[in-house]
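This report introduces a structure to a reader who meets it here without prior acquaintance. The sequence and the model are shown below, and the sections that follow treat selected features in turn.

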Amino acid sequence: MSARGAAQRSGVGRRELTYAVLLCLVGAGLALWAATRSWSVELTVRPAPLPPVRDTRSGAGLLPWLPALAVVALAGGGAVLATRGRVRRVLGGLLGLLGLAVAAGGGYGLVADVGGSVSRQWPALCLVGGLLAAAGGWWTAVRGGGWPAMGARYERPARSGPEPAPVGPEGSSAPLAGRRTTEAWDALDRGEDPTAD
């Protein structure tokens with residue numbers, strides 16, 4: 001494959017990675033926010049002159065596991081960036097399942113009779129958020145194995161053979177010739193000058 005083709009493929013992979021992570025983060029964030037809104041309001045009438053008691057229940061109050069799954073999906077969306085290869089694909093599959101579970105919670109809120117005056121827009125947003133997170137997760141599971149990893153362009157390529165000695169300004173070996181870089185840093189930590197003979 002030519003360098004240009006590899007660069008184009010890397011660019012496509014980066015774009016796909018960005019879209020998948022955004023789907024997961026936006027979907028899980030939307031579902032988490034919707035789960036904390038009031039899904040139902042129940043008024044209990046009391047004898048006069050007492051005002052009625054207003055009992056509001058959020059999605060988290062009705063389904064306590066819903067915000068927890070949304071938080072895990074939110075964290076998993078960020079973790080997609082830090083993983084690569086097979087681990088990223090497995091993580092994508094888990095995110096897909098989490099997104100479907102969150103969407104199921106939103107669907108339950110749409111159809112369940114939870115009593116009182118029910119607000120359907122919050123369960124609907126939770127359903128949409130779960131489906132977005134699931135889409136990002138499944139996309140990662142299917143295509144994520146070939147996407148670039150976070151910071152991969154900064155990784156040092158593997159070398160075969162010994163590391164060459166540093167060369168001084170006039171071509172002679174520098175005073176650190178033969179010393180490992182970590183030894184020089186250790187000397188600096190002890191307050192010594194690693195370049196002194």
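## Arg89 and its surroundings

Arg89 is located in helix 4. The model is a predicted one, and in it Arg89 is partly exposed, having a relative accessible area of 39%. Once neighbours within four places in sequence are set aside, the residues in contact with Arg89 are Thr140, Ala141, Val142, Gly144 and Gly145.

A further pairing concerns Trp139, which stands 50 residues from Arg89 along the chain. The C-alpha atoms of Arg89 and Trp139 are separated by 9.0 Å.

## Overall organisation and confidence

The chain has 197 residues, of which 30% are buried. Its secondary structure consists of six helices and three strands, arranged along the sequence in the pattern α-β-β-α-α-α-β-α-α. Of the contacts between residues at least 6 apart in sequence, 66% join residues at least 24 apart. The accessible surface amounts to about 12200 Å², and carbon and sulfur atoms account for 62% of this area.

The confidence of the prediction is summarised by a mean pLDDT of 80 for the chain, with 76% of the residues at 70 or more. Among the elements, helix 5 has the highest mean pLDDT, at 93, while strand 3 (residues 117-118) has the lowest, at 72. Where pLDDT is low, predicted coordinates should not be read in detail.

## The nonpolar cores

In soluble globular proteins, nonpolar side chains tend to be buried together. The largest nonpolar core of this model comprises 11 residues: Leu17, Ala20, Val21, Cys24, Ala28, Ala73, Val80, Leu91, Leu95, Leu98 and Trp147. Helix 1 (3-35), helix 3 (65-82) and helix 4 each give two or more residues to this core. Helix 1 provides the largest share, namely five residues. Ala73, one of the members of the core, is in contact with Ala28, Leu95 and Leu98 when neighbours within four places in sequence are left aside. Another core, of 10 residues, lies apart from the largest one and includes Ala31, Leu66, Trp122 and Cys126.

Val21 offers a closer view of the largest core, to which it belongs. This residue is found in helix 1. Is Val21 buried or exposed? With a relative accessible area of 7%, Val21 counts as buried, because the cut-off for burial is under 20%. Residues up to four places away in sequence not being counted, Val21 touches Gly77, Val80 and Leu81. Val21 and Gly76 are 55 residues apart along the chain, and their C-alpha atoms are separated by 9.1 Å.

## A nonpolar patch on the surface

Nonpolar residues also appear on the surface, where Val90, Leu94, Leu97, Leu100, Leu131 and Trp138 form a patch. Together these residues have about 560 Å² of accessible area. Two elements, helix 4 (85-111) and helix 5 (121-143), give two or more residues to the patch. Which element gives the most to the patch? Helix 4 does, with four residues. Leu97 has its place in helix 4.

## Salt bridges

Side chains of opposite charge can pair when their charged atoms come close. The structure holds two salt bridges. In one of them, the side chains of Arg143 and Glu16 meet at 2.7 Å, N to O. This pair links distant parts of the chain, with Arg143 in helix 5 and Glu16 in helix 1, 127 residues apart. Arg143 is partly exposed, at a relative accessible area of 42%, whereas Glu16 is buried, at 13%.

Arg190 and Glu192 also meet through their side chains in a salt bridge, at 3.3 Å from N to O. Arg190 is exposed, with a relative accessible area of 54%, while Glu192 is partly exposed, with a relative accessibility of 42%.

## Gly146 in a loop

Gly146 belongs to the loop between helix 5 and helix 6 (181-189). Why does Gly146 count as exposed? Its relative accessibility is 69%, and a residue counts as exposed when this value is over 50%. The C-alpha atoms of Gly146 and Arg14 are separated by 9.9 Å, and the two residues stand 132 residues apart along the chain.

Key: Residues are numbered from 1 along each chain as its sequence is written. Side-chain values use heavy atoms; hydrogens and water are left out. Patches are made of residues with over 30% relative accessible area and no salt bridge: like charges are joined within 9 Å, nonpolar side chains (Val, Leu, Ile, Met, Phe, Trp, Tyr) within 5 Å. Accessible areas come from the Shrake-Rupley method with a 1.4 Å probe; for residues, only the protein chains shown count as cover. A salt bridge is a side-chain nitrogen of Lys or Arg within 4 Å of a carboxyl oxygen of Asp or Glu. A nonpolar core is a set of buried Ala, Val, Leu, Ile, Met, Phe, Trp, Tyr and Cys residues joined through side-chain atoms within 4.5 Å. Buried means under 20% relative accessible area, exposed over 50%, partly exposed in between (1.4 Å probe, protein chains only). Contact means heavy atoms within 4.5 Å. pLDDT is the predictor's confidence in each residue, from 0 to 100.
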